[in-house]
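Please open the model in your viewer and keep the sequence beside it, since each stop on this tour begins with a selection.

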Amino acid sequence: MRSILCLVDDKHVPLYRIMWVSDLPHFCGHEDCEREGEYEVRLEQDESVWATREERDQIIQALESWQGGITAEDDWS
Ligand SMILES: [Zn+2]
C-alpha cells in the first residue's frame, strides 16, 4: 500500500497538506534559534514542520511518487 503520510519531526503528515519544502537549511542568525540546519516543510494554514535533511529527501521522494500517480512501482522499504 502506498502511504500518503510521511514522517516529519515525529509527526505523520499527509502529503496533500504540504505546500512546499525548503531546498536550503534554515538560517536566520538568531542565537537561540532551534531550527538552524533544519528544512522547513510548509503546511496548509500557516503551519510548518521541520525536517532533517534525510527526512526532507524522503518527503520529496514521497511527493514525487505520489504526484506520479498510481502507475509507478512502489519502492518503500
Ligand atoms: Zn531561525
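In this predicted model, begin by selecting strand E3 together with strand E4, residues 39-43, which pair in the antiparallel sense over three bridges. Within that selection, display Val21 and look across to E4, where Val41 stands opposite.

Next, add strand E5 to the selection, and an open sheet of three strands comes into view, with the order E3-E4-E5 and antiparallel pairing. The edge strands are E3, residues 18-21, and E5, residues 48-51, each of which pairs on one side only. If you draw the strand axes, neighbouring strands of this sheet are turned by 25° against each other on average, with direction ignored.

Now select helix H1, residues 53-67, which lies across E3, E4 and E5 and runs at about 125° to E3.

The remaining stops concern backbone torsions. Most residues other than glycine have a negative phi, and two loops are worth a visit with that in mind.

Go to the loop between E4 and E5 and select Gln45, which lies there; its phi is near 60°, a positive value in a residue other than glycine. Is Gln45 buried or exposed? Gln45 is exposed, because 6 other C-beta atoms lie within 10 Å, and a residue counts as exposed at 12 or fewer.

Finally, move to the loop between strand E1, residues 5-8, and strand E2, residues 11-14, and select Asp9 in that loop. Phi of Asp9 is near 50°, which is again a positive value in a residue other than glycine. Asp9 counts as partly exposed because it has 13 C-beta neighbours inside 10 Å.

Notes
Residues numbered from 1 in each chain as written. Predicted model: local features only at pLDDT ≥ 70, side-chain atom pairs only at ≥ 80, totals over all residues. Pairing = 2+ DSSP bridges. Helix = DSSP H or I, 4+ residues; strand = E, 2+ residues; numbered from the N terminus. Axes fitted to C-alpha atoms, helices over the stretch in contact; angles between N-to-C directions. Contact = placed C-beta atoms within 7 Å. Buried ≥ 20, exposed ≤ 12 C-beta atoms within 10 Å, placed from the backbone.
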